[in-house]
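Biologist: Please take a close look at one part for me: the salt bridges. Walk me through them in plain steps.

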Amino acid sequence: MKISGYFLLIIIFCCFSASAVTVTGTVKDVQNHRIPFCSVYLMGTTIGTTANIEGQFAFEIGTGDYEVVFRSIGYKLSSRKIKVENENLELNIILETETYQLKEAVINASSEDPAYAIIRKAIRLRKKYLDEVDSYSCRSYVKSTQKLVDHPKKFLGQVVNFGDQLDTVSRIFYLSESVANLSMQKPDKVKEEMISSKVSGNSRSFSFNKSADMLVSFYQNLIYLGSLTNRGLVSPISSTAMLYYDYRLEGTFFQNGETVNKIKVIPKRKHDPVFTGDIYILDDSWRIHSLDLFITKDQQVEFIDTLRISETYIPVEKNAWMLMNCEFNFEFSAFGFRGKGIILGVFSDYNVHPDFPKHFFDNEVLKINKDANKKDTVYWDNERPVPLTVEENRDYIKRDSLFVNHNTRQYMDSLDRINNKFSFTEYLFQGYGRENTYKHTFLGISPLIQSIQFNTAEGWGISLLGRYVKSNSKEKPGSIAVIADSRYGFSNTHFNGNILFRNYYNAFRQSVYTIAAGSEVSDFNGRAHFAPLVNTGYTLLAKKNYLKIYERRFGRIKHKMEITNGFVMVAGAEYADRIPLANTTDFAWINPGRSYLSNDPLHAETDSLHFKRNQSFTIDVAARIRFRQKYIMRPYNKSVYPSKYPELTFGYVKAIPFVAGSDVEYDLVNVTVKDEIRMGLFGGINYSISYGNFLRSKKMEFMDFHHFNGNKTFYSDFSLNDFALLDYYRFATSRDYVELHGEYNMGGLILNKIPFLRKLKLSEIVGAHYFYASYSNTSFVKNYYETSFGIEKLRLLRADFVLGFDSKGKTQTGFVIGLKLNISDGSIDITD
């Protein structure tokens with residue numbers, strides 16, 4: 001599972017004079033137990049810090065008189081006046097457990113708990129407080145601590161051994177800190193500058209912390225937590241909260257002259273996308289004072305056992321309360337791995353009336369400064385507002401020392417000798433490779449299970465794909481790769497081989513070019529996802545040779561580059577000599593009384609070859625546009641977010657006759673629009689709409705036609721643009737066409753309500769697929785439709801029931817299963 005980040009956000013103190021004094025201390029309760037993550041700040045300001053998990057705090061302050069406030073959920077607020085002179089101060093605090101008073105109420109059988117009236121008022125003012133501050137800037141300190149509590153001895157047949165990368169005492173496997181300046185403007189403008197970053201065990205790396213991700217506002221109707229949930233979670237003060245929650249007033253207490261109501265949040269239905277816990281609402285203003293809420297596996301989240309969110313708000317001026325700290329505390333388990341983490345956050349130095357310059361906000365949501373990971377120990381000792389725990393300090397010392405040793409050639413070579421040992425099981429399913437970590441090189445071959453295959457044109461065949469990769473340093477990302485593919489058919493006694501060179505040379509512009517040449521066996525339908533292993537099984541076990549192939553001797557060159565943010569272009573040229581292939585074998589393991597069809601996709605009943613050897617020369621240009629694409633600019637690369645607007649792709653292919661003996665002549669244009677639409681509690685929709693037209697088709701061969709992504713087997717990789725029951729070749733067109741594909745992921749909306757199914761955490765998938773195509777033969781079907789109903793697990797394993805029908809009334813049904821592996825990232829493909 002992918003989790004968007006684990007952060008501990010901590011308030012940064014600013015020094016107000018040249019003479020700074022350090023104030024340290026420990027926060028405990030009356031039983032002498034340490035209170036973790038207590039908020040510590042100066043009265044009347046947002047300047048403060050947060051105690052660590054051991055209750056320890058430290059901050060620097062200029063000389064003068066101050067009143068320090070100590071605030072923690074479940075404890076009475078306490079303050080201490082101090083006089084700061086020229087000596088460091090120690091300030092140890094005892095907090096008393098909060099005592100709650102119940103408001104007087106008339107109790108009868110029909111009376112409503114007083115909490116409901118309070119919540120209704122909070123709901124009524126929700127939108128006001130959501131939009132209360134139009135823009136602001138602040139300082140953030142971010143820390144992420146994650147521990148691996150337990151793990152299996154083996155995983156997928158491989159020994160699990162973290163070596164010295166996992167402390168056997170603390171069990172910490174990831175620890176990082178960062179300091180950033182954060183700016184926000186309604187409705188959705190964000191700009192963050194990370195000015196310092198520290199990752200335990202890797203001084204060259206940059207933290208993945210992103211403080212904006214911690215700004216979880218429960219004034220929103222729905223709370224989205226990255227990829228943890230498909231549908232979002234209902235806030236306890238959402239406009240529809242009364243449909244999902246019951247409430248109970250636990251009591252009230254007084255703080256700074258204001259009455260605070262502690263309200264227990266109780267789900268009406270255990271498995272709804274809701275929270276459990278406590279929310280604290282101020283009397284009169286009816287705004288959130290603080291909250292302590294959690295979700296569990298009952299909320300249909302994968303891998304996460306429990307996620308607890310605690311937030312504390314403080315006033316920065318009379319009509320503006322801002323988030324001071326936020327703690328994410330989670331436990332996870334999957335496949336025998338168990339762990340936990342703490343995400344604590346505090347924001348400080350708020351300015352709720354910033355004067356942002358014109359064009360201050362752009363599509364860059366986070367910039368990490370080049371010198372962010374160059375800060376020394378002195379800097380962090382002065383800047384870090386929360387003392388490190390004993391475990392964290394030990395982890396930094398140990399792993400930073402190990403990092404120096406691990407970056408020596410001697411250590412890298414010793415590690416390579418272990419990792420490069422040959423294992424037949426690994427070679428069978430994953431392939432075999434030899435890595436030279438010091439020189440940043442890798443040499444590998446494809447898995448054996450992918451190397452042996454069978455088809456009726458070649459018979460048994462064996463292939464070997466070798467790959468050599470030379471990567472640059474992390475400071476200058478990029479790589480060159482050489483990929484060689486060889487293949488021999490034992491029935492037609494023919495060898496094919498080709499080689500590809502790829503240079504990924506600019507990480508900021510996604511720039512890469514490829515040059516390839518040689519010969520290969522190709523599917524007439526170049527868009528099909530027909531796995532060789534599936535074809536081998538159907539051919540040998542059912543004598544159904546769906547795959548139709550020809551030989552191609554080619555040379556091509558292609559280049560891809562992001563011209564400007566969100567606008568990517570690809571251009572290429574190819575020469576190909578296309579040679580027909582006929583069946584050369586009738587061998588099968590099981591003979592069900594049928595003969596193989598010919599290798600001719602248009603005339604399956606005859607062994608005659610429907611096309612003669614021919615040549616083609618084509619040039620192609622494609623452009624992809626993502627409007628207002630958001631991105632993170634790291635010192636050595638750029639990473640992008642999916643746009644909230646539809647994505648457009650334009651393509652043009654021109655086949656030029658007579659160049660190098662080219663026989664074909666046509667022009668094809670196409671345009672595709674696709675998008676993902678979030679529908680809150682009702683899930684989400686993915687769709688793709690394409691239109692294409694052969695402006696000229698003076699001379700074409702069948703492999704030049706537009707082919708639809710068909711499938712006649714029980715297996716599918718569930719690409720959005722696939723038709724589950726369509727013939728692979730029959731409906732190819734050399735004229736205009738339209739394709740519409742859509743899938744509605746309900747995210748457990750229905751199955752979550754069925755007791756014996758909800759534990760499986762399945763998502764319901766409803767699909768609709770359609771194409772229109774024009775043909776010179778008027779008897780051809782021009783319209784085809786498919787609808788599907790399926791279930792999905794982990795966004796990976798899926799099964800669908802499919803109904804297909806065409807404009808002539810022919811219907812068919814089928815059932816497909818498979819792994820959802822071809823999940824498009826929306827980029828223009830340049831891989832070969």
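Modeller: **Salt bridges, one pair at a time**

D395 and R399 both sit in helix α4 (residues 390-406), four residues apart, which is about one turn of the helix. Helices here are DSSP runs of H or I with at least four residues, strands are runs of E with at least two, and both are numbered from the N terminus. This is a predicted model, where local features need pLDDT of at least 70, side-chain atom pairs count only at pLDDT 80 or more, and totals for chains, interfaces and linings use all residues. Residues are numbered from 1 along each chain as its sequence is written, and side-chain values use heavy atoms, with hydrogens and water left out.

The side chains of D395 and R399 meet in a salt bridge at 3.6 Å, N to O. That term means a side-chain nitrogen of Lys or Arg within 4 Å of a carboxyl oxygen of Asp or Glu. Both D395 and R399 are buried. Buried means under 20% relative accessible area, exposed over 50%, and partly exposed in between, with a 1.4 Å probe and protein chains only.

Next comes D577. Its salt-bridge partner is R613, with the closest N and O atoms 2.6 Å apart. D577 lies in strand β33 (residues 567-579) and R613 in the loop between β33 and β34 (614-626), so the pair ties together parts that are 36 residues apart in sequence. D577 is buried at 8% relative accessible area. R613 is partly exposed at 45%.

Now D188 and K644. Their side chains form a salt bridge at 2.6 Å, N to O. D188 is in the loop between β13 (172-185) and β14 (189-199), and K644 is in the loop between β36 (638-640) and β37 (647-655), so this pair ties together parts 456 residues apart in sequence.
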